[in-house]
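The report that follows walks through one protein model, from its overall make-up to its sheets, its cores and a few single residues. It is meant to be read alongside the structure.

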Amino acid sequence: MFRKTLEPSAKALAPRTEDNNEELIKRNADLSHALEDSKQLREQLRQSQKLESIGTLAAGLVHDFNNILHIVQGYASALVEHKVAPEKVVKAGRAIVRAVEQGTVLARQLLATAGKSEAKHEPTDVNGLLRPLVDFMTEAFPTTLTIVSELDGEIPNIMADANQINQAVLNLCVNAKDAMAGGGKLTVRTRTIAGMEIRKRFHDAEAERYVSISVADTGSGMEEATRRHIFEPFFTTKAPGKGTGLGLSVTYAIVQSQNGFIDVASEPGRGSTFNIYLPIPKEPAVLAEAAETFAAKEAKTPAGHGETVLFVEDELEQLKLMETFLTDEGFNVLTARDGAEAVEVHRRFRDAIAVVVLDLGLAKLNGWEAFRIMKQMNPKLKGILASGFLSAEVKSQLANGTLSALVPKPYEPRQLLTNIERAIHA
Ligand SMILES: Nc1ncnc2c1ncn2[C@@H]1O[C@H](COP(=O)(O)OP(=O)(O)O)[C@@H](O)[C@H]1O
Ligand SMILES: [Mg+2]
């Protein structure tokens, strides 16, 4: 595990020759042997390696962010200097919004990696976590893919960070989808494996039992030459704009932070299977604790009391997440995926809707335009706008009270909840 931590980051320090790489890896290997007896030093070194890999990620991200800024700068200057034909203004605006959204995705990926040192270790029901993910894929992935789940009902809870595990598995699933452009079968499987089995491959696997989460596809598979590099940050075989090369390095970092292991079996033309192994804790107390957390959750009074919220967001994953979250919090949730649809839903349910939450960068009508139309129909309507970028016009509407709140993206669900409660009770 130790050597593996070093490998991706060391290799990613471009440009390096193969020789240099080998020497680095050897040096790191020697180092790790020398320190084997000293747990404390080992931990310190692990920490500094973490920092190093974050640094490497950050350096690469600066490059990607510069590209994004370049796009925004180009279109924005053209707009300011009136070099864009009137009928192309919207198109230019969209290009800017898209670039900004790409930046947000990158920022989230970085957060996922950087946050690994603060990974939670809470009782986690792995199957319970995977089921919604499988549902989501069934809905969102192309219909040429068959999504199958084989979840072993007997697996015990583990101590883990549910959000991070979710992210790690999702990254594998997105890759599986990408590898099956012509259709195929994606299988998500869980089971329990004896620690002895894991130790055959990973010598420092200490737990007695592990939960394995497998993501198998029937797609393109990989040559050995590709397979060797896949966990390195920024390694991608995808066309520019199609891949960042961050997915597997983030998954790798997450699995490490959860004291787990990851391996892959792949054959060109036949598909790939990724396996994540996560330790099952010895004390069965984990189950009692999980039950307690659940009970505590049940006892908590929800924020909403059946008020209707119209939630408008074009990103399906985010929409589903917030729909579930707000429903759990006691709200009645209506959804729409673009500005025009939002106006239509509002027209039909006008009197019922207490608050509308809109993403600013929506298709057809942007969030602000859509909200203005609704507000004309119902002056009492409360509006919350979420965006990574806020224009002076929108900000001034907050100041004069037309809008209840502006929420910068990306936001935490709780943060939005506070704003919804405030808007309702204002
Ligand atoms: N399921 C898979 N089948 C085939 N190749 C894969 C699979 N998963 C990952 N890869 C390879 O690993 C590379 C790195 O993956 P990743 O880190 O997620 O970055 P990205 O998906 O942005 O390229 C991919 O570009 C691809 O070559
Ligand atoms: Mg990927």
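## Report on the predicted model

Gln318 is a residue of helix α11, which spans residues 316-328. This is a predicted model, and in it Gln318 counts as partly exposed because 17 other C-beta atoms lie within 10 Å, a number that falls between the limit of 12 or fewer for an exposed residue and that of 20 or more for a buried one. Although Gln318 and Pro413 are 95 residues apart in sequence, their C-alpha atoms are 10.0 Å apart in space.

The protein chain as a whole contains 15 helices and 12 strands, and 30% of its 426 residues count as buried. Among the contacts in the chain with a separation of 6 or more, 69% are made by residues 24 or more positions apart.

### Two open sheets

One open sheet has 5 strands in the order β2-β4-β5-β7-β6, and the pairing within it is mixed. Its edge strands are β2 (145-151) and β6 (261-267), each of which pairs on one side only, while the twist from one strand to the next averages 15°. Strand β4 (residues 184-194) runs parallel to β2 and is joined to it by 7 bridges; across this pair, Leu151 stands opposite Thr190 of β4.

Another open sheet of 5 strands follows the order β9-β8-β10-β11-β12, with parallel pairing. Here β9 (332-336) and β12 (405-408) are at the edges, and each has a single partner strand, so one side of each is left without a neighbour in the sheet. From one strand to the next the twist averages 20°. The pairing of β8 (residues 308-312) with β9 is in the parallel sense and extends over 5 bridges, and in β9 it is Leu334 that serves as the bridge partner of Leu310.

Helices lie across strands of both sheets, as the table sets out.

| Helix | Strands it lies across | Angle |
|---|---|---|
| α5 (residues 126-140) | β2, β4 and β5 (209-217) | about 170° to β2 |
| α6 | β2, β4, β5 and β7 (271-280) | about 25° to β5 |
| α13 | β8, β10 and β11 (382-387) | about 160° to β10 |

### Nonpolar cores

The largest nonpolar core has 37 residues, and those with the most contacts inside it are Val169, Val211, Val215, Val255, Ile276 and Leu278. At least two residues of this core come from each of α5, β3 (158-160), α6, β4, β5, α9, β6 and β7. Leu278, leaving aside residues up to four places away in sequence, touches Ile158, Ala160, Tyr210, Val211, Gln258 and Gly260. Apart from the largest core lies another, of 30 residues, which includes Ala342, Val357, Trp368 and Leu385.

### The surroundings of ligand 1

Which residues come nearest to ligand 1? Of the 23 residues around ligand 1, these are Asn175, Thr236, Gly243, Gly247 and Leu248. Helices α6 (162-179) and α9 (247-257) each supply at least two residues of the shell, and α6 gives the most, with 4 residues. Sorted by class, the shell has 14 polar, 7 nonpolar and 2 charged residues. Helix α6 thus appears in several parts of this account: it supplies residues to the ligand shell, it contributes at least two residues to the largest core, and it lies across strands β2, β4, β5 and β7.

### Two residues with positive phi

Most residues other than glycine have a negative phi. His82 is not a glycine, yet its phi is positive, at about 55°. This residue is found in the loop between α3 (39-80) and α4 (89-114). Is His82 buried or exposed? His82 counts as exposed, because it has 9 C-beta neighbours inside 10 Å and the limit for an exposed residue is 12 or fewer.

Lys364 likewise has a positive phi, of about 65°, although it is not a glycine. Its place is in the loop between β10 (353-359) and α13 (367-377), the latter being the helix that lies across β8, β10 and β11. With 14 other C-beta atoms within 10 Å, Lys364 is partly exposed.

Key:
Residues are numbered from 1 along each chain as its sequence is written. Chains are lettered from A and ligands numbered from 1 in the order in which they are written. This is a predicted model: local features need pLDDT of at least 70, side-chain atom pairs count only at pLDDT 80 or more; totals for chains, interfaces and linings use all residues. A residue is near a molecule or strand if its C-beta atom, placed from the backbone, lies within 6 Å of it. Ala, Val, Leu, Ile, Met, Phe, Trp, Tyr, Cys and Pro count as nonpolar, Asp, Glu, Lys and Arg as charged, and the others, Gly among them, as polar. Two strands pair if DSSP finds at least two bridges between them. Axes are lines fitted to C-alpha atoms, for helices over the stretch in contact, and angles run from 0 to 180 degrees between N-to-C directions. Two residues are in contact if their C-beta atoms, placed from the backbone, lie within 7 Å. A nonpolar core is a set of buried Ala, Val, Leu, Ile, Met, Phe, Trp, Tyr and Cys residues joined through C-beta atoms within 7 Å.
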